[in-house]
Structure formats: structure tokens, C-alpha cells
Amino acid sequence: MKAESTFRRIPIGEVTRDLVAVAMGRMPADLMIINGRLVNVNIGQIQPDMDVVVKHGYVVYIGKDALSKIQRDDRTVVVDAAGRWVAPGLIDSHVHIESSMVDPVHFAAGCLAHGTTTICPDNHEITNVLGLEAVRLFHDVLKDLPIKSFLAMPVCVPAVAGLENTGAEIHGKEVAEAYRNGWAQLQGEEMNFPGVIYGDPGTHEILKASHDAGVVMTGHYSSMELDQGLNAFAAAGMNACHEVRSAEEVLKRSEIGFYSQLRYGSAWLDVPNTIRAYTDNPNADTRFLTLCTDDVNAATIAREGQMDRCVRVAIRNGVPPVTAIQMATLNNAQLIEKARRIGSIAPGRSADILILSDLVNFKVDQVYSDGVLVAENGKMTVELTPYSYPEAALKTMKLNPRKKSDFAIPAPSNDPQKIRVIEIRPGDVVAKELQLIVEPKDGFFVADADNDIAKGVIFYRHEPDPSIPPRGAGFIRGTKFRPGCAYASTISHDCHNLLVVGTDDDAMTLAANAVIEVNGGIAIVVDGKIDAVLPLPLAGLMSLESIGETALKLNAIEKALGKAGAVSESIEMTMSLIGLIVIPELRISNHGLVELKGSNPLKLVDLVVTD
């Protein structure tokens, strides 16, 4: 039976006399891990026959023959690593909890079970729904859990003002308030990189609030312009970016002292490409290379893991195990400027410790967070108390049921037309803009399953406002959906309006209304019938069930997508980016089609191309 967590993190300043007393052999230790092979990320080496001593959740001694030097009593826990590897707890420097589709409590349990002891959540997904209250809410949920959390303040809500509408807006004063109240410890990803480099006043007001608070400022630079634009972005204060897709982009960032967060999530699998910045240049310094997940769903965590999965992938792609672990521990700690306390097993650092039985395959046997055993063999050993969420966070769908006519897209005539089409590709965040000739039918543009052209519609679903455009529409290639199939979801980055994609207006109506009925989530229609529904009651983004339970329902969603014709795993995550207007090249917002090419400012474009 699991013990209920009685976790309390003690500030180091309150216990320094005890820490030195244990290190000097004058006081009993709380925990001693002996006979281990220490993965010393500080020197990039494995040290055999090493012992680690812990008091009050902090490492106080690393060395040999601790049993002969350090006091112990009947409360001291002695763990014999028996030649297994002893490594630091993993750090995820950029992650969206909402993308896991479970709430922060269940996400923390899933992370800890896989060896992640520190997370840096950027909760701009739920903040787009609930506003600043979401930041306070996540802070309150996470603060008493046995996982370290450095919350990254969302700074792009909406992603780009004037081109989409969300449930809230965040400006400089809200950012400053969050820092002032201690709700956030980092700046979240600055996605509006055109606003940064072209001097948008509102964007720079937010940057000033972050600079004034003295926090680390993370970025999102998705342009391939790696000269003036990238330099300008870094000059504004950003120090990291996860939007890297090639070795060239990684190396350019390293040259200017800018961290690359090499991403390996559920749908965007960049590590095999980006890690070549090191594997093709093995003498290159790796201090600016880090690993992160960004967006990883419950099914992936349940099946393959979380940050441990990133480490395994890096190793499989030619990175020495110790270097891969550095990228997931010390390098991330340095990125967020917390290396004095986390990121390595060393005196004065938090006792976030993993015991591994297989280094190359990164098999985690035990997980210690602040010196407390919290997980063993992939299972939690402590029970985390569920959080009671307010009603306002659980009732966020403000959209009435849809009618078939809501999905109609009028054409200027029945003559063949050249239109813009969004091409999505599995495993890639970028959506290409195609220009295709299509033939309207009875005065309307329609989907064409035979040519892999689905219709996509985004409905504004937050607090009703007659001045806000109610929907935007376009066409998508890459779903492979058959006739009579549709997908609907309130996971639509970052606006989290209702996204519906399908090959048939009746099917799209059915899927949309299924999501509206459960107050947010995902629904799949196959051959004109509802095949699977995943309710996500927390802001229309997250389940209140465990990762395992949510994974089963998400597996049903993915199986239904396969029946609908989709050929790639986790295509629901790829489709969730159809509304993310700060990623090249073409997207849909409730205002219409939004184009982003190069480092040019975003702009609205027409569906029909007029030469």
C-alpha cells in the first residue's frame, strides 16, 4: 500500500548547522546510498564505489567509505546500490502540463515515476482559457507536491493580439503581478518573436516586467532567419528556445550563448535531427544543449515515459550516456539558473536522486525527491492528494450546439478556384502552405477525401462577445480522413477554441456537439457515428483521472483516428497546432487564415488566392 505523502521541503538556510554536522560525522544522516556508480555530471564521468549522504533533503557528502565516516542511528535509511548507477533527478525545462491531458497532480505523479524531479511548466494553455487566475491556480496546486516546479509565466495570451481571440488577455501588468505574488519564477516562452524583433510596444512592456523581476526569460523563435533576427531576439533578453529542428539552428544558437531545448514530445520528435549538432561535431561544447518534452500526452508517458524517454532517444542517436544525462540535468539547471540547488548530486544540492539498473537504456529503479523515496520500478510509493478545483475552472465551454450550416464555406462562384491549404506532416510542428485548384460544389467549398483535403473550422468558445469573430475556416491536407469522418477538440493551441476537422459537414457537426456536451475534450466520428470521446473537464484541456486511466481513453481516441484513416501516431497533437498562429506557415484562427513566413509579421490572408 502507498503511504500518503507527508512531504515538506525545508529551506536550506534553516538547517545549515545540521548539514555540516552530518558531513563532519557529528550527527546521524537521514539517508545513505552506498556502493553506487555515481554519474557525476559536474565532471562528465562515472565514479565507481561512491556513497551519497543526505540530511533534511540535501546532499551533504559524496565520497567513499561513508559508513566509516558518517554517523547513523536507527532512523537512518541505508540503501545498497550494489554497483548500480546513481544519477541526478531529471529536469524538464520546458513543458506544458495541459498537453499531458491530466491535471498537475496526476502529471507530477507520472513525472516522478519516470525520474523527473523538477519541471518548468508554462501553463499558457489554461491561461488562455482562465487568465491570470490559472497561474495562481497552478502555483497553488503544485506548491505542496514532492516535485520541484518553477512555473513559467505565460506572456503570449493570446499568442498575437488582434489575430485571434481567447478566453483572456495577459499584459505587462498581469505579468508583473504574477512575479510580485510569487506565482511564477520564470518567463514562459515568448512566442511573438515578430513582436519582439519589430519592436511591438505591448510585447516589450512584458519583457520589461520580466527584466524588472530578474527572472530567466525563455523564448520561441521559430524562424529560419538565423542572423539579425535571432541576434535581436537574444538581445531582448531571451536565453533559450525549443523551436529548433536542425543541427544548424542548434549550432547558431550555441554560438551566441543561447540554449537549445532539444524537444522530444509525443508528436514533434526533433531530437534525432537536432542532436546531430553534437554527434556530427563530437568536440563541440554541449553546455548549451538541453533536453525537454514540450508537449507529451498521457498515452506516451504511460507507454514510454517522460524525460527518461528523451535521455534514451539521445543515447540511441549516438550521445554518450553521461552527456545525455548532463543535457537532462545540469545543463537544464544552468539554463534556469538554479544549478546551485539542483541538477547534480553534490553537497548543498537537493537530494533528487535516481538509482538505475541499466545506464544505456536508462532503467530507473528508485526515485528520491528531496531525499524521500517517491517512486520505485515505475510506480509511485507515496499517494498524492487530489486537488479540489473551482467550478469556474470546470465549466468553460460557452458555445451553443452547432448546426450543419455553421460549417459551410461559401465560394465566389462554381468555377475552379485556387485556394490556400494547410499541409500538416506527422512529427513536425511546421505546416506548409499549399496552393491548390479545387472545384466548388453548389456555391460552396467542400472537403475532398479522395485527394486528402479535409475541412477545418475553429469556433470561438469562450465568454460570448458579439464583437468577436465567431469562426475561421480553411482546408487541411495530411489527415488522410475517409468520407464521413471528423475530429473535434478544445485542445487547439494556444487559443483553445473549438477545432473541428473533417470530410463531411454532418460528421463535423456530430463531433463538435459531442465535445460541447461534455464541456470540452476530444471526439471522433467514424462513418457518420461517434466512435470515441475523451472528456477533459478542467478548462476543456485536462482530465482529473490518472495518467493510466487517461491514457486508456486517449488510446481509444487514437484507435478511432486510425479507423478514420489517419496513418500517424498522435496525429491529434499535430492537428492541435492547426490553430497555433505563431508557427509557420499557414494556420487558422477565429479571424480566418493567418500566414507566417520567414521573420515577417503575421498577417491575415484570404482562402482564395487572387493572382
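Which residue stands opposite Ala240 in β14? Tyr259 does, and View 1 starts there.

A word on the model: this is a predicted model, where local features need pLDDT of at least 70, side-chain atom pairs count only at pLDDT 80 or more, and totals for chains, interfaces and linings use all residues. Residues are numbered from 1 along each chain as its sequence is written, and side-chain values use heavy atoms, with hydrogens and water left out.

**View 1. Strands β13 and β14 run parallel.** Strand β13 (residues 240–241) pairs with strand β14 (residues 259–263) over 2 bridges; two strands count as paired if DSSP finds at least two bridges between them. Helices (H or I, at least four residues) and strands (E, at least two) are DSSP runs, numbered from the N terminus. Both strands belong to an open sheet of 6 strands with parallel pairing, in the order β10-β11-β12-β13-β14-β15. At its edges sit β10 (152–153) and β15 (289–292), each pairing on one side only.

**View 2. Three strands, β7-β8-β9, make an open sheet with parallel pairing.** Here the edge strands are β7 (90–95) and β9 (148–149), and each has pairing on one side only. Strand β8 (residues 116–121) pairs with β9 in the parallel sense over 2 bridges. Look for Thr118: its bridge partner in β9 is Lys148.

**View 3. Tyr221 and Phe233 form a tilted aromatic pair.** Their ring centres are 5.4 Å apart and their planes sit at 35 degrees. For the cut-offs, rings of Phe, Tyr and Trp (its six-membered ring) pair if their centres lie within 6.5 Å; planes under 30 degrees apart count as stacked, over 60 as edge-to-face and the rest as tilted. Tyr221 is in the loop between β12 (216–219) and α8 (228–235), while Phe233 is in helix α8, so the pair ties together parts 12 residues apart in sequence. Tyr221 is buried at 0% relative accessibility, and Phe233 is buried at 0% as well. Buried means under 20% relative accessible area, exposed over 50%, partly exposed in between (1.4 Å probe, protein chains only). Pull back a little for the aromatic cluster formed by Phe193, Tyr221, Phe233 and Phe258.

**View 4. Phe445 and Phe475 meet edge-to-face.** The centres of these two rings are 6.4 Å apart, with 75 degrees between the planes. Phe445 lies in strand β24 (residues 444–445) and Phe475 in strand β26 (residues 471–477), so this pair links parts that are 30 residues apart in sequence. Phe445 is buried at 2% relative accessibility, and Phe475 is buried at 1%. A search of the whole structure finds 7 aromatic pairs.

**View 5. Two arginines lie over ring faces.** Arg37 is over the face of Trp85, at 3.9 Å from the ring centre. Arg402 is over the face of Phe459, at 5.1 Å from the ring centre. The rule: a charge sits over a ring if NZ of Lys or CZ of Arg is within 6 Å of the ring centre and within 35 degrees of the ring normal.

**View 6. Helix α14 (residues 321–328) is mostly covered.** How many of its 8 residues are buried? The count is 8 of 8, including Pro321, Thr323, Gln326 and Met327.
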